[in-house]
Amino acid sequence: MKLLIAIIHRDDSANVLDALAAQGIPFTRLATTGGFLRAGNDTLLIGLEEEHIPRVMDILTEYCSVRKQFVDASQTAFLGAMLHAPVEVTVGGATVFVLDVEQFRKI
Ligand code: 2BA
């Protein structure tokens, strides 16, 4: 069994959650905050058998588009960002960790 930890942009969340639910893929959504932008994102915990991982990757690829966004430099974790200068960052997409699960129990 594997555990996928997927960090996604909050704007993409509804579509991803709908698609996971439609395919019967179990998940837990955590409201999280990115360390750089200090903006809300969502982290999904998805426990599943290895053969189902491509289905999740397909959903993330379909609904988590990458785009550019200008943000106020002083509101990021940019070291020494003293000015309110706009900086362009890439947002969206999905950051995915795939972990081996040693045990899975429901008590
Ligand atoms: P944030 O840390 O808020 O980062 C949002 C986006 O800002 C990043 O997208 C990246 O495009 C940009 N960014 C981050 N650090 C930067 C820097 N020092 N200079 C310029 N631009 C920078 P992603 O890389 O797709 O990451 C999206 C979110 O995924 C992150 O939000 C963070 O919450 C999480 N994440 C990414 N890599 C991670 C890691 N290795 N461990 C844990 N969480 C991670």
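**Notebook: a helix residue, a buried serine, the pocket and the ligand**

I began with Glu62, which I found in helix 2, the helix that spans residues 53–63. I kept in mind throughout that I was reading a predicted model. I then asked whether Glu62 is buried or exposed; with a relative accessibility of 57%, Glu62 counts as exposed, because the cut-off for that class is over 50%. I also looked up a partner distant in sequence, and noted that the C-alpha atom of Glu62 lies 8.6 Å from that of Val16, although 46 residues separate the two along the chain.

My next entry concerns Ser13, which belongs to helix 1, residues 10–22. Here the accessibility came out at 2%, and Ser13 therefore counts as buried, the limit for that class being under 20%. I looked for what the side chain of Ser13 touches, and recorded a polar contact of 2.6 Å with the side chain of Asp42.

I turned to the largest pocket, for which I noted about 350 Å³ of space. It is lined by 18 residues, and those closest to its centre are His9, Leu37, Asn41, Val91 and Gly92. I asked which strands each supply at least two residues of this lining, and wrote down strand 1 (2–9), strand 3 (40–48), strand 5 (86–92) and strand 6 (94–100). Strand 5 gives the largest share, with 4 residues. Sorting the lining by class, I counted 8 nonpolar and 10 polar residues, with no charged residue.

For the ligand, I listed the surrounding residues as Ile7, Gly34, Gly35, Phe36, Leu37, Asn41, Thr90, Gly92, Thr95 and Phe97. By class, this shell holds 4 nonpolar and 6 polar residues, and again I found no charged residue in it.

I then went through the backbone contacts to ligand oxygen atoms one at a time. For Gly35, a backbone N or O atom lies 3.2 Å from an oxygen atom of the ligand. For Phe36, I recorded 2.8 Å between a polar backbone atom and a ligand oxygen atom, and for Thr90 the corresponding distance, again from a polar backbone atom to an oxygen atom of the ligand, is 2.6 Å. How much of the ligand does the protein bury? The ligand taken alone exposes 750 Å², of which the protein buries 52%. Last, I checked which elements give two or more residues to the shell around the ligand, and these are strand 5 and strand 6.

Conventions. Residues numbered from 1 in each chain as written. Predicted model: local features only at pLDDT ≥ 70, side-chain atom pairs only at ≥ 80, totals over all residues. Heavy atoms only, no water. 1 Å grid on protein atoms, 1.4 Å probe; cavity = no way out; pocket = protein on both sides within 12 Å on 5 of 7 lines; lining within 4 Å. Points joined across faces, edges and corners; volume = space filled by probe spheres on them. Nonpolar A, V, L, I, M, F, W, Y, C, P; charged D, E, K, R; others polar. Near = heavy atom within 4 Å. Polar contact = N/O pair within 3.5 Å; in protein donor to acceptor, adjacent residues only side chain to side chain. Areas by Shrake-Rupley, 256 points an atom, 1.4 Å probe, with all protein chains shown as cover. Buried < 20%, exposed > 50% of the residue type's maximum accessible area, 1.4 Å probe, protein only.
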